[in-house]
Amino acid sequence: MTPATRLPELPVVCVQGLGFVGVAMATAVADARDRHGAPLFNVIGVELPTTEGVAKVDAINAGQLPLATTDRKLADAFAQAVARGNLIATTDERCYALASVVVVDVPLDVVREGQTPSVNLSDFRSAIRTLGRHLEPSALVIVETTVPPGTTTKVVAPELAVALAERGLHEDGVLIAYSYERVMPGPGYLDSIVNFPRSYAGHTSAAADAAEAFLSKVIDTKTHPLTRLGSTTACETAKVLENSYRAVTIALMEEWGRFAEAVGIDLFEVVRAIRVRPTHSNMRQPGFGVGGYCLPKDPLLGAVAARELHDRLDLEFPFSTQAVAVNEVMPLVSLARIETALGDLSGTSIVVMGVSYRPDVGDTRYSPTETFVRDARARGATVTCHDPMVRYWPELELEVHAELPSLAGVDAIVFAVSHPQYPALDLATWLDGARPLVLDANDVLTDAQRALLRRRGCTVLSIGRGGST
Ligand SMILES: NC(=O)c1ccc[n+]([C@@H]2O[C@H](COP(=O)([O-])OP(=O)(O)OC[C@H]3O[C@@H](n4cnc5c(N)ncnc54)[C@H](O)[C@@H]3O)[C@@H](O)[C@H]2O)c1
């Protein structure tokens, strides 16, 4: 008898797409309990029958998380759900016929050819049509994918209507809602889903009610009440604006970082002084760059939506567009600081500490370190990479050091990602007499570490700090 056959008959929730969002959401849903502690749902994670998709499905069914995480809560909840039998994975799309709810967590890339960003909706449309081929009428579809605002109304609903009509079913047979993810891979991965505020909207009021009922079972809505928006387009806009706001405020700090370096002040000290004002408590700070699957692309989705879904060519998004452009080249500022200090990068050896896009995360997608490494190599430098979370870097097809590399012959070290291990490093032992240039590009090192490096004869530079601060 498999564990699943011991479970009572529970509503089935399918999660379409088992990436960084889908795996965590599938775990959150499988971990949802009634007041007696009994599971509320049987969860089926669904992937494409590609090599990567099959590997993820096999890993999940073998009880292995198909991603690296430092969040014990996520790892434990996942392991328990698989052992209990209420979380399984498959590439068989026919399982959607069993679903009361489908959560859509497939990707949607922004395509950048020339000046005009765009989205290619064909894979996304195909994912939605797959649902339409199998879903029972009255099932609920909750789209979580970040989309150009207007997509649920103008793409999801029509695609489902056509697929349902082909089966002789009424086009409104399926309930459609939108509710975006604020999931944050890292130490609080699972909590960023189940203990975090959530917004949602329905294509119809019945769909909104159904989404509310479902989300209330997965999310702790007593401490984090749900926010219902008036339309799915408003909810999609909330996601895109939320991330555009963050990208713009990060980009703003870039020019002030350069100013601080030029006039010899510590911008982190300045920001701390400003953050005491409640209205400015989450002010950003200068850094190495912006990466991950969301912030580099989401600010472009407003312009894409205006042009491609709403036929409004007159609407421009200069701040969002400029923020993306500033954030994209941010890592090259660090490279330029090193080049200026060393004179010429040709034939130099650089160690980069941190290749993931943020601390405590093993995700290297659109990592700022990629921009840095590619450009450094193009200028003739040899780059060695260290990261506590990443063993293999697929974008660069590179093995990444887990142990500290030898500093013999190394000209510069760049601390790019503020992984929690780095402020605890015994730098004196690591230096072992070497005196490389050190660039703290992301406020990674402690004051004591920077002082020690200087005492040992290293030149220490910081992004956002001028002089010897
Ligand atoms: N990563 C984050 O931290 C984060 C946070 C908030 C929102 N989002 C948004 O969530 C969405 C998903 O992001 P992600 O990081 O999980 O992406 P991902 O690339 O890690 O995962 C997506 C998965 O979907 C699978 N997939 C694609 N088409 C499919 C289909 N038709 N059927 C089944 N599986 C399919 C892919 O094979 C892939 O494994 C994106 O829109 C993203 O912008 C991501």
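In this predicted model, the buried residues of helix α2 pack against three elements, namely helix α1 (22-31), helix α3 (72-84) and strand β3 (87-90). Helix α2 spans residues 51-61, and the residues buried within it are Gly-53, Val-57, Ala-59 and Ile-60. When the helix is seen down its axis, these buried residues fall within an arc of 165°, and they therefore line one face of α2. This arrangement may be read against the general geometry of such elements: an α-helix has 3.6 residues a turn, so residues three or four places apart point the same way. Just after α2, Gly-63 takes a positive phi of about 85°.

Strand β3, against which α2 packs, also belongs to an open sheet of eight strands, whose order is β3-β2-β1-β4-β7-β8-β9-β10 and whose pairing is mixed. The edges of this sheet are formed by β3 and β10 (226-228), each of which pairs on one side only. From one strand to the next, the twist averages 25°. Within the sheet, strand β8 (residues 175-178) and strand β9 (residues 198-202) run antiparallel and are joined by two bridges, and Ala-177 stands opposite Gly-202 in β9.

Helix α5 (residues 151-166) packs on the sheet, where it touches β7 (140-143) and β8, and the direction of the helix makes about 155° with that of β8. Thr-151 is found in this helix. With a relative accessibility of 1%, Thr-151 counts as buried, because the term applies to residues under 20% relative accessible area. When residues up to four places away in sequence are not counted, Thr-151 touches Phe-124, Val-156, Glu-236 and Leu-309.

A further helix, α14, covers residues 447-455, and its buried residues are Gln-449, Arg-450, Leu-452 and Leu-453. Seen down the axis of α14, these residues fall within an arc of 160°, so that they line one face of the helix. On the other side of α14, by contrast, Asp-447, Ala-448 and Arg-455 are exposed. The elements against which the buried residues of α14 pack are helix α13 (427-431) and the strands β16 (437-440) and β17 (460-462). Just after α14, Gly-457 takes a positive phi of about 90°, and a positive phi is likewise found at Gly-63, just after α2.

Notes:
Residues numbered from 1 in each chain as written. Predicted model: local features only at pLDDT ≥ 70, side-chain atom pairs only at ≥ 80, totals over all residues. Heavy atoms only, no water. Buried < 20%, exposed > 50% of the residue type's maximum accessible area, 1.4 Å probe, protein only. Helix = DSSP H or I, 4+ residues; strand = E, 2+ residues; numbered from the N terminus. Arc of directions from axis to C-beta. Contact = heavy atoms within 4.5 Å. Pairing = 2+ DSSP bridges. Axes fitted to C-alpha atoms, helices over the stretch in contact; angles between N-to-C directions.
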